[in-house]
Amino acid sequence: MIEESVMGQAAACDDTCGGSEADVARVRDKLVDDATASQLADLFKALGDPNRIRLIHALQQCELCVHDLTEVLGMGQSAVSHQLRLLRNMRIVKRRKVGKTVFYSLDDDHVEQLFLLTLQHLKHN
């Protein structure tokens, strides 16, 4: 009996997929180009660090200066500045200077939406 089951599985594995009824050419034509795919991957890489996630979450709540971020995150000033520089280069955060103080906030609503949607996805069962 076990031999029949194994043989049946082997026969099923030998069958190759002939494709579905999807319009493969249409899907291929709508794919993002290589440059856009690379930019998306870079964005997700930037979001792939727990410290940067916590920093983004703090800035989602309100605009903060580097000192405030060091206090909130329990990180050193150089570490916070390094993460902010990376996030600024990726256009995830922006800065606003008032005198000698620099305030940081999320660059736009899209960043906040991306963050919130990801959190919702994680909490969804």
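Where H7 begins in this predicted model, a side-chain oxygen of Asp108 comes to within 3.0 Å of the backbone nitrogen of His110. From there, helix H7 takes in residues 109–123, and we can check its length with a quick sum: at 1.5 Å a residue, its 15 residues should span 21 Å, and the C-alpha atoms at its ends are 21 Å apart, so expectation and model agree.

Now step back along the chain to the sheet. Its 3 strands make an open sheet in the order S1-S3-S2, and the pairing is antiparallel. That leaves S1 (64–65) and S2 (93–98) as the edge strands, each pairing on one side only. S1 is held to S3 (residues 101–106) by 2 bridges, with the two strands running antiparallel. If you want a landmark here, look for Cys65, which sits opposite Phe103 in S3.

Helices pack on this sheet too. H4 touches S1, S2 and S3, and its direction makes about 95° with that of S3. Helix H6 (residues 77–89) touches S2 and S3, lying at about 115° to the direction of S2.

H4 has a helical partner as well. Helix pairs like this are described by the angle between their axes and the distance between the axes. For H4 (residues 50–61) and H5 (residues 66–73), those values are about 115° and 11 Å, and H4 passes H5 in a right-handed crossing. On the H4 side, Arg54, Leu55, Ala58 and Leu59 do the touching, meeting Leu69, Val72 and Leu73 of H5. Sorted by class, that contact has 6 nonpolar residues, 1 charged and no polar ones.

Conventions:
Residues are numbered from 1 along each chain as its sequence is written. This is a predicted model: local features need pLDDT of at least 70, side-chain atom pairs count only at pLDDT 80 or more; totals for chains, interfaces and linings use all residues. Side-chain values use heavy atoms; hydrogens and water are left out. Helices (H or I, at least four residues) and strands (E, at least two) are DSSP runs, numbered from the N terminus. The expected span of a helix is 1.5 Å times one less than its number of residues. A polar contact is a pair of N or O atoms within 3.5 Å; within protein, one must be able to donate a hydrogen and the other to accept it, and residues adjacent in sequence count only if both atoms are side-chain atoms. Axes are lines fitted to C-alpha atoms, for helices over the stretch in contact, and angles run from 0 to 180 degrees between N-to-C directions. A crossing is left-handed if the near helix is turned anticlockwise from the far one by less than a right angle, and right-handed if clockwise. Contact means heavy atoms within 4.5 Å. Ala, Val, Leu, Ile, Met, Phe, Trp, Tyr, Cys and Pro count as nonpolar, Asp, Glu, Lys and Arg as charged, and the others, Gly among them, as polar. Two strands pair if DSSP finds at least two bridges between them.
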